[in-house]
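Fresh page in the notebook. I'm sitting down with a structure I haven't looked at before, and I'll jot down what I look up as I go.

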Amino acid sequence: MTAVHRLMLSILFIGAPTYADVEFEDYDYSRWSQAVTGCDILASHGRDPGHVAPGVSQSGMDKPAAIAACQVAVANDPDNPRLNYLLGRAYGYSGRSADAMPYRKKALAADYPQSTFTFGYLHLLGLGVDQDPCKTLDYWQRSAKYKRLAALVSLPRHYLRGDFDRCDVTLSTDTLAAYLTEAKQQSSDYYVGLLIADLEAEMNGK
């Protein structure tokens with residue numbers, strides 16, 4: 001059964017259970033220190049909603065220096081999910097997936113929105129983890145709940161493409177529309193807007 005067929009069934013209240021409309025929450029980043037560290041300066045992701053320093057691209061990152069700075073930052077503040085995510089990011093960009101994983105998982109355990117999105121992406125492509133789109137869907141739902149833009153757009157796109165068809169999960173048109181509406185409220189980027197418009201048109205059968 002394709003995603004479009006399942007959307008039609010959800011409208012008719014037939015088939016697998018349908019998730020209720022999404023209840024978004026604001027992630028409480030203030031539970032952890034927001035002080036800018038050397039790790040933030042050298043390894044921040046500019047699109048991480050929890051970032052506290054300007055973003056650094058993969059190609060622009062001094063990876064050995066970022067790893068060293070983030071090791072110090074995590075040692076000083078071991079429960080901070082932002083710093084754990086950044087150390088995982090620096091290791092990951094250095095091709096050291098095994099070293100990255102404990103820190104990525106520490107951020108994931110705190111439901112850090114950027115980390116839940118990243119884990120979904122890794123499972124979608126099988127990068128250092130088992131390829132499992134159903135885990136992707138679960139992680140992206142968690143990330144979208146906290147209004148992470150990447151999840152709000154990626155989840156509907158891959159759902160409509162049928163990438164989650166084997167997961168036996170039906171998302172209603174209202175749920176998909178809620179994700180895209182929240183994405184529109186967050187971003188004025190022209191290309192993000194084009195993608196959202198295309199997804200809305202596909203969702204509505206136009």
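My entries below go through the disulfides, the aromatic rings, a surface patch and one charged residue.

**Entry: what kind of model**

Before anything else, a note to self: this is a predicted model. I keep that in mind for every value I write down.

**Entry: disulfides**

How many disulfides does the structure hold? I looked them up and got 2. A quick reminder for myself: a disulfide is a covalent bond between the sulfur atoms of two cysteines.

I took Cys39 and Cys70 to start with; a disulfide joins them, with 2.0 Å from S to S. Their pair links distant parts of the chain, since Cys39 sits in helix α2 (residues 38-43) and Cys70 in helix α3 (residues 63-76), 31 residues apart. I also checked the twist: the torsion about the S-S bond of Cys39 and Cys70 is about 85°, so I wrote this disulfide down as right-handed. Are these two cysteines buried or exposed? Both Cys39 and Cys70 turn out to be buried.

Next I went to Cys134 and Cys167, which are also joined by a disulfide, at 2.2 Å from S to S. Here Cys134 belongs to helix α7 (residues 133-145), while Cys167 is in the loop between α8 (149-161) and α9 (173-186), so the pair ties together parts that are 33 residues apart in sequence. The angle about the S-S bond of Cys134 and Cys167 is -100°, and the link is left-handed. I looked up accessibility for both ends. Cys134 comes out as partly exposed, with a relative accessible area of 24%, whereas Cys167 has 13% and counts as buried. The cut-off for buried is under 20%, which is why these two get separate labels.

Last thing on this topic: with the bonded cysteines numbered in sequence order, I get the pairing 1-2, 3-4.

**Entry: aromatic rings**

Now the rings. I counted 12 aromatic pairs in the model. One of them is Tyr27 with Trp32, a stacked pair with 6.1 Å from centre to centre and 15° between the planes. I put it down as stacked because the planes are under 30 degrees apart. I wanted to know how covered the two are. Tyr27 has a relative accessible area of 7%, so I have it as buried. Trp32 is at 18%, so it goes down as buried as well.

Which residues form one aromatic cluster with Tyr27 and Trp32? I found Tyr29, Tyr85, Tyr112 and Tyr146 in there with them.

Then I looked for charges over rings. The charged end of Arg31 sits over the ring of Tyr27, at 5.1 Å from the ring's centre. I also noted Arg148, which lies over the face of Phe117, 5.9 Å from the ring centre.

**Entry: a patch on the surface**

I turned to the outside and found a nonpolar patch made of Tyr121, Leu125 and Leu127. Together they have about 270 Å² of accessible area. I traced Tyr121 to helix α6 (residues 113-125). Its relative accessibility is 40%, so Tyr121 counts as partly exposed.

**Entry: Asp198**

One more residue before I close the page. Where is Asp198 found? I placed it in helix α10 (residues 190-203). Asp198 has 55% relative accessibility, so I wrote it down as exposed. I also checked Asp198 against Arg157: the two are 41 residues apart along the chain, and their C-alpha atoms are separated by 9.4 Å.

How values were computed. Residues are numbered from 1 along each chain as its sequence is written. This is a predicted model: local features need pLDDT of at least 70, side-chain atom pairs count only at pLDDT 80 or more; totals for chains, interfaces and linings use all residues. Side-chain values use heavy atoms; hydrogens and water are left out. Rings of Phe, Tyr and Trp (its six-membered ring) pair if their centres lie within 6.5 Å; planes under 30 degrees apart count as stacked, over 60 as edge-to-face and the rest as tilted. Buried means under 20% relative accessible area, exposed over 50%, partly exposed in between (1.4 Å probe, protein chains only). A charge sits over a ring if NZ of Lys or CZ of Arg is within 6 Å of the ring centre and within 35 degrees of the ring normal. Patches are made of residues with over 30% relative accessible area and no salt bridge: like charges are joined within 9 Å, nonpolar side chains (Val, Leu, Ile, Met, Phe, Trp, Tyr) within 5 Å. Accessible areas come from the Shrake-Rupley method with a 1.4 Å probe; for residues, only the protein chains shown count as cover. A salt bridge is a side-chain nitrogen of Lys or Arg within 4 Å of a carboxyl oxygen of Asp or Glu. Helices (H or I, at least four residues) and strands (E, at least two) are DSSP runs, numbered from the N terminus. A disulfide is a pair of cysteine sulfur atoms within 2.5 Å.
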